[in-house]
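Trainee: I would like a close look at one helix in this model. Please take me through that part, then through what surrounds it.

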Amino acid sequence: SELPDSGTPRRRRRHWLVVGLLVLVLAVAYGALVWWMGDRVANGTTVAGIDVGGQTETEARATLEEQLPAVAAAPVEVRVGGTEATLDPQDAGLGVDIADTVDRLTGYTANPATILARLTGGDEVRPTVTTDEGKATAALEDLDARVRIEPVEGAVAFAEGAVQVTDAADGAAVDVDAARGTLSDRWPAPV
């Protein structure tokens, strides 16, 4: 017995033509989605608490240029030991690069994971931080001078027949190198 023919050459060609057209339509649709998403920030995205989700690159840049300077100018609250103090971000050499921040949120990519993330929503994003190392060092050294607590060594002394005890106490100081890294890594959030 003979096996039935799986189809005439015409049917097989039609099958491949339909498959080819379907692949072409999907590729064009994906290309259009990539193009459209390239100029958009993912819905739900915020930068330092400022909502830029769903905005075009131009709109997001304008929103951040209007609102981010006020957020970035807020004093930075720091705690050294048990002492609280503040730092002025500008005096500490901290700044934000709005253009780079927006560029990280937008841009053309064909990566399916990135496209999916942009379609399903964004997260809180830290702005790109710039740091003037000299100003940061000077501001942190000034902070250290304001909050430094010298350690006290414990001692026992005898004066006029009485025992005098001096309890030991830990000191507190700013580790300028570590604090500079922490400041630039965490700002504009509280440090």
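Mentor: What follows starts at helix α3 and then moves outward. Keep in mind that this is a predicted model.

Start with the helix itself. Helix α3 spans residues 98-105. Its start is capped by Asp97. A side-chain oxygen of Asp97 lies 3.3 Å from the backbone nitrogen of Ala99. After α3 comes Gly107, with a positive phi near 115°.

Now the buried side. Which residues of α3 are buried? They are Ile98, Thr101, Val102 and Leu105. Viewed down the helix axis, these buried residues fall within an arc of 95°, so they line one face of α3. That face has many neighbours. The buried residues of α3 pack against β1 (46-47), α2 (57-73) and α4 (112-120). They also pack against the strands β5, β6 (124-125) and β7.

Take Thr101 next. Is Thr101 buried or exposed? Its relative accessibility is 0%, so Thr101 counts as buried; the cut-off is under 20%. Setting aside residues up to four places away in sequence, Thr101 touches Val47, Leu64, Pro127 and Thr128. Thr128 also offers a polar partner. A polar atom of the Thr101 side chain lies 2.8 Å from the backbone nitrogen of Thr128.

Leu105 leads on to the cores. It belongs to a nonpolar core of 12 residues, which also includes Val41, Val52 and Val125. This core is separate from the largest one.

The largest nonpolar core has 17 residues. Leu87, Leu143 and Leu183 have the most contacts inside it. The elements β3, β4, α5 and α6 each supply at least two of its residues. The largest share, four residues, comes from α5.

Leu183 brings us to helix α6 (residues 176-186). Its buried residues are Val176, Arg180, Leu183 and Ser184. They cover an arc of only 90° around the axis, which puts them on the same side of α6. What covers them includes β3, β4, β5 (94-97), β7 (128-131) and α5 (133-147). So β5 and β7 appear in both settings: they pack against the buried residues of α3, and they help cover those of α6.

Finish with the two strands β3 and β4. Strand β3 (residues 76-80) runs antiparallel to strand β4 (residues 83-87), and five bridges join them. One bridge pairs Glu77 with Thr86 in β4. The two strands form a hairpin with two residues between them. Gly81, in the turn, has a positive phi of about 60°.

Note on methods: Residues are numbered from 1 along each chain as its sequence is written. This is a predicted model: local features need pLDDT of at least 70, side-chain atom pairs count only at pLDDT 80 or more; totals for chains, interfaces and linings use all residues. Side-chain values use heavy atoms; hydrogens and water are left out. Two strands pair if DSSP finds at least two bridges between them. Buried means under 20% relative accessible area, exposed over 50%, partly exposed in between (1.4 Å probe, protein chains only). A polar contact is a pair of N or O atoms within 3.5 Å; within protein, one must be able to donate a hydrogen and the other to accept it, and residues adjacent in sequence count only if both atoms are side-chain atoms. Contact means heavy atoms within 4.5 Å. The arc is that of the directions from the helix axis to the C-beta atoms. A nonpolar core is a set of buried Ala, Val, Leu, Ile, Met, Phe, Trp, Tyr and Cys residues joined through side-chain atoms within 4.5 Å.
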